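Reader: Please show me the model, and then I will ask how its labels were reached.

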Amino acid sequence: MTTSGPKRLGLPLPAVVRADARGTPLSVDGRAVDAVRETWLVEDRWWTPEPLRRRYWEVVTTSGQCVVVFRELEDGRLGRRAGWYRQR
C-alpha cells in the first residue's frame with residue numbers, strides 16, 4: 001500500500017502579463033486589466049541561498065475576474081525563474 005503526502009494547492013503558473021513602464025499590469029493572459037485592487041512586495045528567506053523577492057498585484061480584469069499575479073524579481077536556484085506568474 002502506498003501513501004501519498006498532502007497535495008500542494010495553489011501552485012503558481014506562468015502567466016503572460018503586459019505591463020507599463022512602472023511594472024503595473026495592463027493585461028493578464030490576454031484579458032485587459034480594469035482595476036488594480038492592491039499591490040505588495042514580499043521579501044523572504046533573505047538569510048538563505050534561496051532568497052524570495054516578489055511583487056504581487058491583485059487586479060480585476062474587464063470580464064470581472066479577480067486575479068492575483070506576481071513578478072518573480074530574482075532567479076532562484078531551484079528552478080524558479082524571474083518573470084510573471086499567476087497565483088489564482
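The exchange below takes up the sheet and one of its residues.

Author: This is a predicted model, in which local features need pLDDT of at least 70 and side-chain atom pairs count only at pLDDT 80 or more, while totals for chains, interfaces and linings use all residues. Residues are numbered from 1 along each chain as its sequence is written, and side-chain values use heavy atoms, with hydrogens and water left out.

Reader: In what order do the seven strands of the open sheet lie?

Author: The order is β1-β7-β6-β5-β4-β3-β2, with antiparallel pairing. Strands are DSSP runs of E with at least two residues, numbered from the N terminus.

Reader: Why do β1 and β2 count as edges?

Author: β1 (13–14) and β2 (17–19) each have a single partner strand, so one side of each lacks a neighbour in the sheet.

Reader: What makes β3 and β4 a pair?

Author: Pairing requires that DSSP find at least two bridges between two strands. β3 and β4 (residues 31–44) have two bridges, in the antiparallel sense. Serine 27 has alanine 32 of β4 as its bridge partner.

Reader: How many bridges join β4 and β5?

Author: Ten bridges join β4 and β5 (residues 52–61), again antiparallel. Valine 42 has arginine 54 in β5 as its bridge partner.

Reader: Why is glutamate 58 called buried or exposed?

Author: Buried means under 20% relative accessible area, exposed over 50%, and partly exposed in between, with a 1.4 Å probe and protein chains only. Glutamate 58 has 10% relative accessibility, so it counts as buried. Glutamate 58 lies in strand β5.

Notes. Helix = DSSP H or I, 4+ residues; strand = E, 2+ residues; numbered from the N terminus.
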